[in-house]
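Q: I've got this protein model open and want to know what sits behind the words people use for it. Can you walk me through it?

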Amino acid sequence: MFDFLKKSSLVLLAGLGLCLFLVMSCQLFKEKEQFECSLVELVKNPDSGYYDAIIKVERLMIDNAQKTRFSLLTPTSSYEISNLSFIDDGQDPERLEAGDVFTVPLCKPDWKFYVRGQNDIYCSHNFWEMLPVSDQWHPTKSDAMEIAQSIEVELVEGLPKPVAKNLPEEWYLVDERLPDYDDPCGYVIYQKLRAEEVKEEVNIRYCFLTEPEIKELYSGSDTEFLSDWTDWTKESGKSETIAGHDAIYWDMQEMGEFDWTYRYAYIDSEMVIEIDIYADPLELFKTEQEKILEGKSRKLLLRYGYGPKGDSEWQIMIEIWMNGEGAFHKRSKEGIIIQKVFRLENRELEEIQISIRQNRFRELRSQSGVPGGATSYLSVRYGDQYHTVELKNVTVLLYKNIEQTIKGIVLPKVAETGVN
């Protein structure tokens with residue numbers, strides 16, 4: 001139930017959800033008439049080496065449209081609109097009005113943005129095609145793709161298996177399953193891990209062909225066979241030569257943990273090999289020194305998950321790092337994924353740590369009640385190890401005290417009032 005929350009593998013997210021940009025704009029299409037904006041132009045910024053986005057409010061029919069109620073988010077950054085520079089401002093400088101024009105300083109590799117109100121999403125724009133090719137980030141421009149390109153088939157326990165031959169620092173083999181007589185398909189998962197956080201992933205699934213499939217394969221081309229292999233190759237697949245193979249690919253923008261997943265499939269050693277590339281866009285632009293500092297500072301302090309909550313049966317996960325940075329994730333039963341970041345002040349971080357200590361968390365143990373109901377878990381770092389407690393439809397007062405402390409501090413920071 002909590003595999004997603006525990007983030008054992010990004011592959012769990014690939015089929016679950018459309019990203020916030022796509023899903024929320026679909027759900028809130030009716031809001032388009034309330035708040036519309038346009039991207040006037042992208043202006044080269046010599047200081048950042050990237051671009052500034054000039055944005056105009058075209059239509060705004062929202063009561064009490066104080067600028068402080070809105071923020072603008074990109075893949076790399078979050079801005080309070082009240083803090084942005086306005087080229088044209090309306091009669092009331094405190095309010096957002098139709099005709100307002102403001103500047104957003106983009107960072108590499110931003111390719112989209114949306115405006116978030118207190119409860120709704122407005123005005124999402126994808127300007128990827130407006131960027132020069134050299135500035136267009138793509139999952140294939142990643143370390144994960146280099147790992148995928150190094151994959152070769154070798155014999156393991158007498159059977160062929162795809163193996164990554166190039167595994168640099170921070171990359172690990174995290175999970176695998178060999179095919180057997182009951183299931184002719186196996187998988188191999190490689191992840192790039194830093195401070196216990198998944199930065200990139202290469203997920204390999206491979207299936208041995210049956211005798212009839214082998215005969216069909218040899219009667220035509222690899223791409224003809226693959227184009228009829230499974231639903232995604234039939235509906236979304238396009239042919240291309242990838243890493244020296246005649247392949248079928250699916251470029252899935254707006255899907256997956258990092259809002260962009262790249263999948264391709266090819267034939268090798270009478271197997272169909274299917275590869276998913278998950279890559280953090282920010283990784284491409286980090287220096288080695290920044291990666292080292294990130295590894296030192298972003299050690300995870302705790303991971304807290306609970307659910308289901310509300311009519312949408314949200315599953316919630318809160319992560320807090322030792323440096324006070326945090327991430328809030330929630331997923332509905334329909335697969336809608338919402339993610340927000342926050343930062344704790346030193347006193348708030350200390351308050352959570354005090355609550356954990358005073359309520360003797362390290363002495364608590366997992367418990368289960370009757371089937372059904374809500375599940376909650378908390379995993380806290382002690383040195384280089386974690387103590388984890390999972391409660392299934394049962395209440396423990398000391399544990400509840402810690403929960404209330406975490407929720408009371410974090411949920412207001414991410415404007416989440418319906419998931420207590």
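Q: What makes contacts between residues far apart in sequence stand out here?
A: A contact means heavy atoms within 4.5 Å. Among the contacts in the protein chain with a separation of 6 or more, 55% come from residues 24 or more positions apart. Before going on: this is a predicted model, where local features need pLDDT of at least 70, side-chain atom pairs count only at pLDDT 80 or more, and totals for chains, interfaces and linings use all residues. Residues are numbered from 1 along each chain as its sequence is written, and side-chain values use heavy atoms, with hydrogens and water left out.

Q: How do you know that the radius of gyration of the protein chain agrees with a compact globule?
A: The radius is taken over C-alpha atoms, and the globule rule is 2.2 Å times the number of residues to the power 0.38. For 420 residues that gives a value near 22 Å, and the protein chain has 24 Å, so the two agree. The C-alpha trace spans about 70 × 60 × 45 Å along its principal axes.

Q: Why is Tyr304 called buried?
A: Buried means under 20% relative accessible area, exposed means over 50%, and partly exposed is in between (1.4 Å probe, protein chains only). Tyr304 has 1%, so it counts as buried. Across the protein chain, 49% of the 420 residues count as buried.

Q: What touches Tyr304, leaving out residues up to four places away in sequence?
A: The list includes Ile316, Met317, Ile318, Tyr377, Leu378 and Tyr399. Glu403 is on it too.

Q: What makes the Tyr304 and Glu403 pair a polar contact?
A: The term asks for a pair of N or O atoms within 3.5 Å; within protein, one must be able to donate a hydrogen and the other to accept it, and residues adjacent in sequence count only if both atoms are side-chain atoms. The side chains of Tyr304 and Glu403 are joined at 2.7 Å.

Q: Which strand holds Tyr304?
A: Tyr304 is in E18, residues 300-309. Strands (E, at least two residues) and helices (H or I, at least four) are DSSP runs, numbered from the N terminus. The protein chain has 24 strands and 10 helices. Pro308 also sits in E18, and a cis peptide bond with omega about 0° joins Gly307 to Pro308.

Q: How do you know that E16 and E17 pair?
A: Two strands pair if DSSP finds at least two bridges between them. E16 (residues 260-268) and E17 (residues 271-279) have eight, in the antiparallel sense. One example is Tyr264, whose bridge partner in E17 is Ile275.

Q: Why are E11 and E14 at the edges of their sheet?
A: The open sheet has seven strands in the order E11-E12-E13-E17-E16-E15-E14, paired antiparallel. E11 (171-177) and E14 (238-242) each have a single partner strand, so one side of each lacks a neighbour in the sheet.

Q: What makes Glu270 and Glu313 worth a look?
A: Most residues other than glycine have a negative phi, and most peptide bonds are trans. Glu270 has a positive phi near 55°, and Glu313 has one of about 55°. Glu270 lies in the loop between E16 and E17, while Glu313 is in the loop between E18 and E19 (314-321).

Q: Why are Glu270 and Glu313 called partly exposed?
A: Glu270 has a relative accessible area of 35%, so it is partly exposed. Glu313, at 38%, is partly exposed as well.
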